[in-house]
Amino acid sequence: MKLKGRKITKGKAKGVALVSKKPLSFLGGVDPKTGIVKDIESDIKGESIKDKILVFPRGKGSTVGSYVIYQLKKNGVAPKAIVVEEAETIVATGAIIAEIPMVDKIDISKIKNGQIVEVDADKGEVTIEE
């Protein structure tokens, strides 16, 4: 199944989807050293975002979250790509400075945890392997 969205940052990635149905805060919500989700309100608390295709509705919280995304990348624990319904400034800026492929305007309800997902951010496409 192919979902059409909008390119936020360039690049391509393929991997296992980690899907949250709730907005995600990177500042205080994700450990920049380990990539483990710590946000107590998150439905993916305790999961590692390292090398995953991270799927969630939108970011929330402080603008410092952009720098946390950059730290995740520098520490080798960042997601391979980010897929969101709505790209707000915090996550978009973080993806840009960390050079993580990112697509928005995607109906994330079509993506399930553990599915193999291919992101072609250049085309604004997300392909879900059946």
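Contact here means heavy atoms within 4.5 Å, and in that sense helix α2 of this predicted model lies across strands β2, β5, β7 and β8, running at about 60° to β2. The strands that α2 crosses belong to an open sheet of eight strands with mixed pairing, in the order β1-β10-β9-β3-β5-β7-β8-β2. Its edges are formed by β1 (2-4) and β2, each of which pairs on one side only, and from one strand to the next the twist averages 30°. Within this sheet, β9 (residues 116-120) and β10 (residues 125-128) run antiparallel and are joined by four bridges, with E118 standing opposite T127 of β10.

The helix itself repays a closer look. The buried residues of α2 are I90, V91, A92, G94, A95 and A98, and what covers them includes not only β2 (6-9), β5, β7 and β8 (102-104) but also β6 (59-60) and α1. At the start of α2, a side-chain oxygen of E88 comes to within 3.1 Å of the backbone nitrogen of I90, while the residue that follows the helix, E99, has a positive phi, near 55°.

Turning to the nonpolar packing, the largest core has 22 residues, of which F26, I49, L54, F56, L72 and I82 touch the most other members. Two or more residues of this core come from each of β5 (53-56), α1 (65-74), β7 (81-84) and α2 (89-98). Leaving aside residues up to four places away in sequence, L54 touches L18, L24, F26, I44, I49, P79, A81, I82 and V83. Apart from the largest core lies another, of 17 residues, including I53, V83, V103 and V126.

Charged side chains add a further set of links, for the structure holds eight salt bridges. In one of them, the side chains of E125 and K2 meet at 3.6 Å, N to O; because E125 lies in β10 and K2 in β1, this pair ties together parts that are 123 residues apart in sequence. E125 is buried, with a relative accessible area of 16%, whereas K2, at 54%, counts as exposed. Another salt bridge joins D104 to R6, whose closest N and O atoms are 2.7 Å apart, and since D104 lies in β8 and R6 in β2, the parts tied together are 98 residues apart in sequence. D104 is buried, with a relative accessible area of 0%, and R6 is partly exposed at 41%. D107 and K110 also form a salt bridge, with closest N and O atoms 3.5 Å apart, and salt bridges that share partners join D39, E41 and K60 into one network.

Technical notes:
Residues are numbered from 1 along each chain as its sequence is written. This is a predicted model: local features need pLDDT of at least 70, side-chain atom pairs count only at pLDDT 80 or more; totals for chains, interfaces and linings use all residues. Side-chain values use heavy atoms; hydrogens and water are left out. A nonpolar core is a set of buried Ala, Val, Leu, Ile, Met, Phe, Trp, Tyr and Cys residues joined through side-chain atoms within 4.5 Å. Buried means under 20% relative accessible area, exposed over 50%, partly exposed in between (1.4 Å probe, protein chains only). A polar contact is a pair of N or O atoms within 3.5 Å; within protein, one must be able to donate a hydrogen and the other to accept it, and residues adjacent in sequence count only if both atoms are side-chain atoms. Two strands pair if DSSP finds at least two bridges between them. Axes are lines fitted to C-alpha atoms, for helices over the stretch in contact, and angles run from 0 to 180 degrees between N-to-C directions. A salt bridge is a side-chain nitrogen of Lys or Arg within 4 Å of a carboxyl oxygen of Asp or Glu.
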